[in-house]
Structures are given as C-alpha cells and as structure tokens.
Amino acid sequence: MVKTPVGLVTVALTAAILLAATFLIATKTRGEDTTFASSAGQLEVQTVASGLVHPWALAFLPDSKMLVTERPGRMRIVSVEGQLSPPLKGVPEVWATGQGGLLDVVTDNAFAQSKTIYFCYSERTGGGGRTAVARARLNDGDGRLDEVKIIFRQDGPLSSGNHYGCRIVQADDGNLFITLGEHFTYRNEAQNLGNHLGKLIRIAPDGSAPPDNPFVGRDGAKPEIWSFGHRNEQGLAINPASGELWEIEHGPRGGDEVNIIGKGKNYGWPVIGYGIDYSGAKIHETTAKDGMEQPIKYWVPSIAPSGMAFYTGKLFPKWNGSLFTGALAGKMLVRLSLNGNTVTGEERLLQNLYERIRDVRQGPDGALWLLTDNSAGRILRVSPAAK
C-alpha cells in the first residue's frame with residue numbers, strides 16, 4: 001500500500017474546499033435569487049429570464065410584457081413569467097461588430113393604439129458603421145415587425161465598431177431625442193456642427209427636423225442637432241420632476257458624466273473634461289471653458305454608466321426622485337440622490353452580484369428591472385425583500 005504524504009493530502013483538501021466555495025459563490029451571485037443590503041432595506045434580486053445574448057435595452061408593453069433587444073440583432077417579447085418569444089421577424093440587418101448591433105428600443109407615447117415602436121442600431125455602410133433609427137409597428141400576434149422604415153441615418157465619418165451612442169427618449173410632444181456617439185477615433189468631430197458625430201439630436205417621428213431645433217437654417221450645421229460636444233452617450237431620460245432632459249455619457253479613463261441637456265448647448269468633448277486617454281496621455285485643454293457646459297456629476301475613475309431611470313414608484317418610498325444607472329466596468333447599480341438639479345449623494349448597489357448592468361428601467365409594478373450584459377444575459381427584478 002502506497003502512503004500519500006500528509007502535506008499533499010492537506011493541499012488537495014484545501015484546493016477542493018476553495019473550488020467548492022468558489023462554485024457556491026458563483027452560483028449564488030449569478031444563478032439564484034439573492035438579497036443585498038441597501039439604504040432602503042434588504043433588496044431581493046430575482047432572475048426573471050435568462051439566456052439572452054448581450055441584451056441591450058428593455059421596454060415595457062401595456063400588458064406588462066417586455067420588448068428586449070439583443071446586440072447580435074434579435075428582438076424578443078418576454079412575459080412577466082420570463083418566457084422568451086422567438087426572435088421577431090422584420091428586424092433590419094445590424095452590424096454587430098465591436099460595440100455595435102441592435103441597441104435601444106422604446107414604445108411610442110400612443111403605443112396602445114398605434115403599436116408603434118422606435119429602435120436604433122449600427123448599420124454597415126461602405127467601410128464602416130453608423131447609427132440608424134427605425135420606426136415599426138409591432139405585430140406581437142404574428143411575432144414580427146410590420147411597416148419597418150428607417151427614419152434617420154447618422155452622417156459623418158464612419159465607425160470601425162465603437163461609440164454609437166443610441167439611446168432614445170420620446171417627449172410629450174412626440175418628438176424623439178436620440179444620442180449619437182463620436183465613433184471613438186473621430187472625437188474632434190463632436191465639435192463640428194456639420195455632421196452628427198458626438199451629438200444629441202431631436203427629430204419628429206417621421207425623421208424630419210422640427211423647425212424650432214436650434215441650428216435649423218444655419219449654414220454648415222445639421223438641422224437635427226439639439227446639443228453637441230458629447231462622447232458616447234449611454235443614458236437618456238426626462239426628469240419627471242422638472243421636465244428637463246438628462247443624459248449620461250462615458251468618459252475615457254475617468255470623466256463619465258451626468259448632464260442636464262439644454263437647447264443648442266455645447267458639452268465640451270473633447271476640449272474640456274475630467275479624464276485622460278487610455279494611454280495615459282492628456283486629452284483635454286482644461287476642465288472648464290466659457291461657452292461649454294459642466295456636468296452635474298462626474299466619475300473618476302470611470303464606472304462606465306449605462307441606462308438611466310428616475311424612480312417614481314411606491315415600492316421604494318425612500319428612493320422617490322432618485323436617479324438610477326447601471327455600470328458596466330463598475331459592475332453595479334448606482335443610485336444618485338437629488339435635490340433639484342444637484343446630486344447630493346451616491347449609493348453603490350448590488351456590487352456582489354458581479355454583473356455588468358446594461359440597462360435599468362422602472363417597471364409598471366414599481367420594481368427596478370435590469371439587464372445584465374454578457375453572452376448569458378439575464379433580466380433581473382429588484383424589489384424589497386420579504387420580511
């Protein structure tokens with residue numbers, strides 16, 4: 001009989017214990033419902049649906065079902081019980097390279113009558129990609145999109161796969177606000193009113209530029225532009241308390257921003273900012289300059305915020321009026337407490353979930369609904385834990 005040295009047994013046992021512990025932690029944080037501490041008490045995080053490939057955006061339908069986009073180019077309807085429909089037919093071909101693909105989706109203000117939706121995606125043309133916006137009618141009974149029409153295409157130097165922006169908000173007047181990235185390699189174009197790179201645009205539902213846009217009739221300026229000097233805008237929402245449009249964008253190494261958007265305003269990229277290049281080199285001339293707007297909040301180091309929702313529900317009364325955003329690099333949900341237009345505090349939530357949070361929406365039930373960004377993406381529902 002061969003005897004195994006005691007030391008080897010100890011090492012093997014220790015390794016087995018560590019492996020088992022790692023597996024249990026991974027299972028708990030990624031596969032099962034779990035609870036997390038917060039300023040509003042214990043939170044319960046439920047996995048409503050899984051098996052989505054890099055889900056990017058979520059929009060609630062009147063019957064509480066959800067429209068969900070997957071970056072490779074699929075759009076699905078998801079029931080509140082988590083059942084995924086087959087991919088909807090009629091979605092245009094997307095260029096799912098780098099950060100591109102099928103991105104944001106929203107329902108029209110009159111969706112209950114019109115069944116109209118708007119969505120944006122990266123479209124290949126020539127040697128690169130650009131952001132396109134489409135309108136369609138959802139035929140959920142037949143599992144397809146009807147009357148699909150591209151209403152806007154971004155003009156300017158093409159992307160090799162990065163910084164498409166692509167968040168959509170519809171205002172009460174029916175006009176659409178849409179964020180457009182500067183394609184990473186063309187950052188100086190964010191200051192050029194002659195193209196759509198690094199801009200936030202405002203268009204009518206048919207894609208035309210409303211006549212009261214700030215640069216309508218100005219020589220050398222695109223009439224769709226509402227604001228400029230942006231980098232890669234990944235969050236957009238109207239503050240229900242004030243009616244103002246708020247935006248979140250990625251900085252480089254540091255300098256992620258929360259901005260309140262004003263008509264015709266310049267938000268400074270790349271002239272001013274609070275980050276540095278990925279190489280460590282200096283990008284900005286300074287942090288402030290006349291004629292350029294300051295963020296109301298910025299992050300150094302970057303958290304890569306994504307998605308944006310103001311909370312107005314009843315499940316979390318302590319959080320009423322808070323602003324929520326997901327974080328990709330930060331792998332968490334972030335809550336910003338507000339006093340008017342001033343950020344008064346920041347709470348970092350769900351950090352032990354270890355998930356890239358791509359989108360956050362308030363559901364009709366008052367819960368927070370999240371999308372996790374990976375090849376086995378999930379829809380999560382965040383609510384108060386049962387006592």
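**Group meeting talk: strands, a disulfide and some rings**

Let's start with a strand pair: strand 23 (residues 368-372) and strand 24 (residues 377-384) run antiparallel and are joined by four bridges. Here, two strands pair if DSSP finds at least two bridges between them. Strands themselves are DSSP runs (E, at least two residues), and the numbering goes from the N terminus. Within this pair, L370 sits opposite L380 of strand 24.

Before I go on, some housekeeping. This is a predicted model, where local features need pLDDT of at least 70 and side-chain atom pairs count only at pLDDT 80 or more, while totals for chains, interfaces and linings use all residues. Residues are numbered from 1 along each chain as its sequence is written, and side-chain values use heavy atoms, with hydrogens and water left out.

Okay, back to the strands. Strands 23 and 24 belong to an open sheet of five strands, in the order 1-2-24-23-22, with antiparallel pairing. Strand 1 (34-36) and strand 22 (357-362) stand at the edges with a single partner strand each, so one side of each has no neighbour in the sheet. Neighbouring strands in this sheet are turned by 30° against each other on average, ignoring direction. For that angle, axes are lines fitted to C-alpha atoms (for helices over the stretch in contact), and angles run from 0 to 180 degrees between N-to-C directions. If you're new to this, strands of a sheet pair through backbone hydrogen bonds, either parallel or antiparallel.

There's another open sheet, this one with four strands in the order 10-11-12-13, and the pairing is antiparallel. Which are the edge strands here? They are strand 10 and strand 13 (225-228), each pairing on one side only. The twist averages 15° from one strand to the next. Strand 12 (residues 199-203) and strand 13 run antiparallel, joined by three bridges, and I201 has I225 of strand 13 as its bridge partner.

Strand 10 also brings us to the disulfide, meaning a pair of cysteine sulfur atoms within 2.5 Å. By that rule the count is one. It joins C120 to C166, with S to S at 2.2 Å. This pair links distant parts of the chain: C120 is in strand 7 (residues 116-125) and C166 is in strand 10 (residues 165-170), 46 residues apart. Are these two cysteines buried or exposed? Both C120 and C166 are buried, and buried means under 20% relative accessible area, with exposed over 50% and partly exposed in between (1.4 Å probe, protein chains only).

Staying in strand 7, have a look at E123. E123 is buried, with a relative accessible area of 10%. Its side chain makes a polar contact with the side chain of R153, at 2.8 Å. A polar contact is a pair of N or O atoms within 3.5 Å; within protein, one must be able to donate a hydrogen and the other to accept it, and residues adjacent in sequence count only if both atoms are side-chain atoms. Leaving out residues up to four places away in sequence, E123 touches several residues, including W95, I150 and R153. Contact there means heavy atoms within 4.5 Å.

D146, in strand 9 (residues 144-153), is buried as well, with a relative accessible area of 13%. With residues up to four places away not counted, D146 touches A136, R137 and N139.

Next up is strand 16 (residues 256-261). Six of its six residues are buried, so strand 16 is largely enclosed by the rest of the structure. Both faces are covered: D256, V258 and I260 on one side, E257, N259 and I261 on the other. What does strand 16 pair with? Strand 15 (residues 245-250) pairs with strand 16 in the antiparallel sense over five bridges, and E247 has N259 as its bridge partner. The two form a hairpin with five residues between them, and G254 in the turn has a positive phi of about 95°. Strand 16 is also joined to strand 17 (residues 297-299) by three bridges, again antiparallel, with D256 opposite W299.

Last stop, the rings. Rings of Phe, Tyr and Trp (its six-membered ring) pair if their centres lie within 6.5 Å; planes under 30 degrees apart count as stacked, over 60 as edge-to-face and the rest as tilted. That rule gives 11 aromatic pairs. Take Y311 and F316: their ring centres are 5.8 Å apart and their planes are at 65°, so this pair is edge-to-face. Both residues are buried. Ring pairs also link Y311, F316, W319 and F324 into a cluster.
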